[in-house]
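These notes are meant for a colleague opening this entry without prior acquaintance. Please keep the sequence and the structure in view while reading the points below.

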Amino acid sequence: MAPLKFCANISWLFTELQDFSHRIYAAAAAGFQAVEAAWLYDCELQELQRAREATGVDVVLINTPPGDVKAGDLGLGAIPGREAEFRQGLDLAVKYAKALDCKRIHLMAGRVPVGSHRTAVAKEMEAIFVQNLNYAADVLSKEGITGLIEPINTRITDPRYFLDSPHQAAGILEKVGRPNIKLQMDLFHWQIMDGNLTENIHKYFPMIGHVQIAQVPGRNEPDSAGELNYSYLFNTLETYDYQGYIGCEYKPLAGSGLDQGLLDTQEVRTQVTQPQTCESESLSD
């Protein structure tokens, strides 16, 4: 049985460094062999490629662009009337993913429009999301990329996010029915919305294409005080022979939030060169 593999979410870790290219170097120096990030689109591709090639770190996941953050957007996949913008954002995500040899893109659903009641717009938003996911499946299949959808909890993190439970996500995936569109399991969100993690992992494991972790309720390191027993959860994933990466998407309590218990499984890279600079984006899911 292969050991679990962890990647640093550089939208959450190493944030004392402004530039994402710098964070790739920092992740490599800390022992991570892979990174994931939300939005890298303010950073020049050549700078990211240079950091990736110099360190040998894999980029395993990026998100589609959020839309107009200042106007309150957090993804466009399920937003009526924004289909053209979703497709433009997907094209940009694919451009970055191909350049960085990244094989997973989180296709962000987005928020229930301000002034709308969730139950009143749910059917229309789901139909739009299914339509956009089918379009994305066609685009991504040509590039060998997997699309992911992630439920984000509406109790603590984002009360207006459309996709908020594993059950809702699984129902949408069944309607899409495409093998390259899968479920992103963030155990932080799943615990807050539903709990019952043992049964939910068992039920939805065949759909899972990526995993992320953080402690509940503080969203800190997985070995910090909280509701979740990560030793048990990691053993559960090993029992199911999970082969993908586990994204460390948490708010560090101190410093860069390096979790030595996780890093003990990583091969430390010591040959790191100085990166170039680029601007980073600060938001994440």
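The numbered points go from the whole chain to one strand and its neighbours.

1. The model is a predicted one, and its chain is made up of nine helices and eight strands. Of the 285 residues in the chain, 57% count as buried, while the area that the chain does expose comes to about 12,000 Å², with carbon and sulfur atoms supplying 48% of it.

2. When contacts in the chain are counted between residues at least 6 apart in sequence, 80% of them turn out to join residues at least 24 apart.

3. A useful place to look in detail is strand E6, which spans residues 181-186. This strand is mostly covered, since five of its six residues are buried under the cut-off of 20% relative accessible area.

4. Strand E6 pairs with strand E5 (residues 146-149) in the parallel sense, and three bridges hold this pairing in the model. Gly147 has Ile181, in E6, as its bridge partner.

5. Between these strands comes a helix to trace: E5, helix H5 (residues 166-176) and E6 together make a β-α-β unit, and this unit is right-handed.

6. Which strand is joined to E6 by four bridges? It is strand E7, covering residues 208-213, and the two strands run parallel. Within this pairing, Met185 stands opposite Val211 in E7.

7. When viewing the side chains here, keep in mind that in a regular strand they alternate between the two faces of the sheet.

Notes. Residues numbered from 1 in each chain as written. Predicted model: local features only at pLDDT ≥ 70, side-chain atom pairs only at ≥ 80, totals over all residues. Heavy atoms only, no water. Buried < 20%, exposed > 50% of the residue type's maximum accessible area, 1.4 Å probe, protein only. Contact = heavy atoms within 4.5 Å. Areas by Shrake-Rupley, 256 points an atom, 1.4 Å probe, with all protein chains shown as cover. Pairing = 2+ DSSP bridges. Right-handed = clockwise from strand over helix to strand, strands pointing away.
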